[in-house]
Amino acid sequence: MNLLKGIAVSPGIAIGRVFFLPKEDFKISEEEIAPAEISREIEKLHQALKLSKEELSEIKFQEKISDSFLEPQILFLDDSQVMAETVKKIKQERKNAAFIFTEVTKKVINSLSKSENLYLKERITDIKDVVKRVISHLVGHKAPKSLREIDEESIVVAHELSPSETAQLPREKVKGFATEIGGRTSHTAIMARSLEIPAVVGIPEISKLVKSGDLMVVDGNKGIVMVNPKEKELEDYRRRQKEYLEFLKENQELKELPAVTLDEYEVEVAANIELPEEVESVISHGAKGIGLFRTEFLYLTYHSLPNEEEQYKIYKMVAEKIAPEDVIIRTFDLGGDKLGIGQNEYHEINPFLGWRAIRFCLAQPEIFKTQLRAILKASTLGNVKIMLPMISDLTEVKRAKEIIAEVRMDLQRRDIEFDSQCPVGIMIETPAAALCAADLAKEVDFFSIGSNDLTQYVLAVDRANERVAYLYEHLHPAVLRLIKEVIDIGHQHQIWVGLCGEMSAEPLVIPILLGFGIDELSMSPLAVPETKRIIRSFTLEEAREISEKVLSLTLAAEIKEYVGERIQEKAIKIIFEK
Ligand code: PEP
Ligand code: MG
């Protein structure tokens with residue numbers, strides 16, 4: 001079997017010879033030490049930390065990597081708790097530093113791995129990466145063949161690629177990569193997208209199935225890799241690669257063009273970002289502003305929640321870069337076991353239905369106010385909007401607005417500038433919010449439909465559970481009918497309605513939402529050109545006809561078939577598989 005399936009995390013097609021990066025395992029022995037040797041072991045630890053920090057700074061400098069990728073590792077080295085615990089145990093247990101450091105960090109990794117939160121789980125890679133670096137210094141291990149030594153065009157295959165390893169990939173040589181471990185929101189995946197290197201992760205057993213020198217195709221559009229393809233398959237892929245490059249060239253032309261239908265009806269096509277560095281990608285892919293800034297991802301960068309000044313600087317930088325377009329800053333969508341605070345002592349059986357997002361922020365007003373102050377202070381250009389996640393009750397909106405008003409008054413009292421008209425909107429991502437949209441619309445300036453969550457709550461299907469993934473369907477009539485209602489209600493109350501879940505970039509969904517009268521779509525920056533292409537291929541009239549027909553259909557499969565045919569009639573080139 002030469003075709004392996006994984007998760008597509010960075011689009012594009014790469015063809016090359018495999019550079020296999022073996023898994024690195026150190027043997028760490030447990031050694032008793034004499035009291036006189038304690039200070040020497042502690043000194044060795046400090047020295048290893050210092051060297052590791054210097055190396056990371058060097059990689060950051062040489063590779064001009066943005067702070068967010070290596071900063072979590074550098075911050076981990078500064079984590080006084082882990083270091084104090086290691087020193088304490090070296091003294092108490094009188095064992096070698098390498099052994100104790102391994103034990104202490106194992107515990108941290110263990111507790112993170114129990115978290116049901118994807119973001120936290122994906123931080124494990126960062127921690128393992130930096131721990132490996134420190135231990136290699138403690139045991140005097142020589143670094144293995146470095147990725148920087150890759151001297152011919154290659155596809156890197158590994159069990160797992162850490163963010164710092166990804167940072168070291170020589171871009172002119174590494175054409176793509178494929179790993180066993182990883183998810184769409186891992187740092188490595190985010191970095192692959194920002195470096196525009198085709199990548200597929202989550203391929204079971206790939207490190208056992210390939211060896212250095214094998215010929216490989218990485219299809220980052222479809223999430224597959226092909227090992228030692230036959231001449232005919234290779235030819236086919238070379239053709240597809242050429243088509244894809246042409247497609248990218250054509251996309252460049254779309255960058256400057258508005259997202260208008262054939263009869264000039266304009267829809268705002270904005271982009272979602274997780275990290276501030278992604279603003280460049282939003283601009284380069286021709287999006288009209290940022291429709292969703294998932295600020296909880298800052299937690300990845302700062303090890304804990306960033307303080308007011310740190311947040312202010314980030315929001316301000318994003319608002320300035322994206323101006324004159326807008327940025328919608330969503331308040332932290334964290335909660336329960338998702339946050340370091342109280343994380344260990346608080347475990348939720350059902351975190352998706354638990355203490356998250358607005359529920360968490362209203363219960364932690366100081367965290368909420370700090371973020372709101374930072375957002376408002378960054379709003380002076382007049383292009384910032386605030387968005388509240390996971391609303392399920394009118395009282396939550398009212399309470400959040402009261403807190404926003406308090407923060408505004410406080411800023412006014414202190415003569416601190418901010419946009420007094422800064423709009424406040426909410427995400428519609430619970431069935432309760434959708435069904436009570438008329439009441440909520442009276443309180444806010446806009447709605448943005450969070451279809452990732454709305455779909456999971458409407459269909460009662462966990463969005464992250466592979467076993468029920470076949471039931472997770474954006475084109476389910478229940479989801480589509482509810483979305484249509486929310487849009488209509490928003491319009492009846494003179495507020496605009498957007499959609500910022502992953503479905504906004506699904507080719508089949510776009511004409512339907514267009515026909516429903518959606519005002520804004522926000523998606524991954526990479527999907528923007530294709531979305532514009534689809535919008536520009538229909539008239540509003542055609543889209544309305546499609547959406548009306550769709551509302552009369554009873555099965556997702558029928559809806560797919562029908563819209564698929566309507567798109568085919570237009571002969572639109574679609575490359576991204578959603
Ligand atoms: C959504 O639920 O659709 C959404 C955009 O929010 P997130 O994916 O961050 O939960
Ligand atoms: Mg959501």
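Which residue in S16 is the bridge partner of Gly498? In this predicted model, the partner of Gly498 in strand S16 is Glu520, and the surroundings of that residue make a convenient place to begin. Residues are numbered from 1 along each chain as its sequence is written, while chains are lettered from A and ligands numbered from 1 in the order in which they are written. Because the model is predicted, local features need pLDDT of at least 70 and side-chain atom pairs count only at pLDDT 80 or more, whereas totals for chains, interfaces and linings use all residues, and side-chain values use heavy atoms, with hydrogens and water left out.

Strand S16 covers residues 520–523; helices (H or I, at least four residues) and strands (E, at least two) are DSSP runs numbered from the N terminus. S15 and S16 pair in the parallel sense over two bridges, where pairing requires that DSSP finds at least two bridges between the strands. Strand S9, residues 268–273, also pairs with S16 in the parallel sense, over four bridges, and there Glu268 has Glu520 as its bridge partner in S16. In a regular strand the side chains alternate between the two faces of the sheet. Along S16, Glu520 and Ser522 point one way and Leu521 and Met523 the other way, and all are buried, a term that stands for under 20% relative accessible area, with exposed meaning over 50% and partly exposed in between (1.4 Å probe, protein chains only).

From here the path leads to the ligands. Around ligand 1 there are 13 residues, of which Arg294, Arg330, Gly450, Asn452 and Arg463 come nearest; a residue counts as near if one of its heavy atoms lies within 4 Å. By class, this shell has six charged, four polar and three nonpolar residues, where Asp, Glu, Lys and Arg are charged, Ala, Val, Leu, Ile, Met, Phe, Trp, Tyr, Cys and Pro nonpolar, and the others, Gly among them, polar. Strand S10 (290–294) and helix H18 (451–459) each supply at least two residues of the shell, and H18 gives the most, with three residues.

Oxygen atoms of ligand 1 lie 2.8 Å from a polar side-chain atom of Arg330, 2.9 Å from an N or O atom in the side chain of Glu429 and 2.7 Å from a polar backbone atom of Asn452. Taken alone, ligand 1 exposes 290 Å², and the protein buries 98% of that area, as computed by the Shrake-Rupley method with a 1.4 Å probe.

Glu429 also serves the magnesium ion, ligand 2, whose protein donors are Glu429 (OE) and Asp453 (OD), lying 2.1 to 2.2 Å from the ion. Donors are N, O and S atoms within 2.8 Å of the metal (3.2 Å for Na, K and Ca), and because water is not among the atoms, sites may look incomplete. Glu429 lies in the loop between strand S13 (424–428) and helix H16 (431–435) and Asp453 in helix H18, so the pair ties together parts that are 24 residues apart in sequence. Both Glu429 and Asp453 are buried.

Some backbone details remain. Ala323 and Pro324 are joined by a cis peptide bond with omega of about 5 degrees, and Pro324 has its place in the loop between helix H12 (308–322) and strand S11 (327–330). Ala357, in helix H13 (residues 357–363), has a positive phi near 50 degrees although it is a residue other than glycine, and Ala357 is buried, with a relative accessible area of 0%. Gln494, likewise not a glycine, has a positive phi of about 55 degrees; Gln494 is found in the loop between helix H19 (477–492) and strand S15 (496–499) and counts as exposed at 69% relative accessibility.

Definitions and conventions: Polar contact = N/O pair within 3.5 Å; in protein donor to acceptor, adjacent residues only side chain to side chain.
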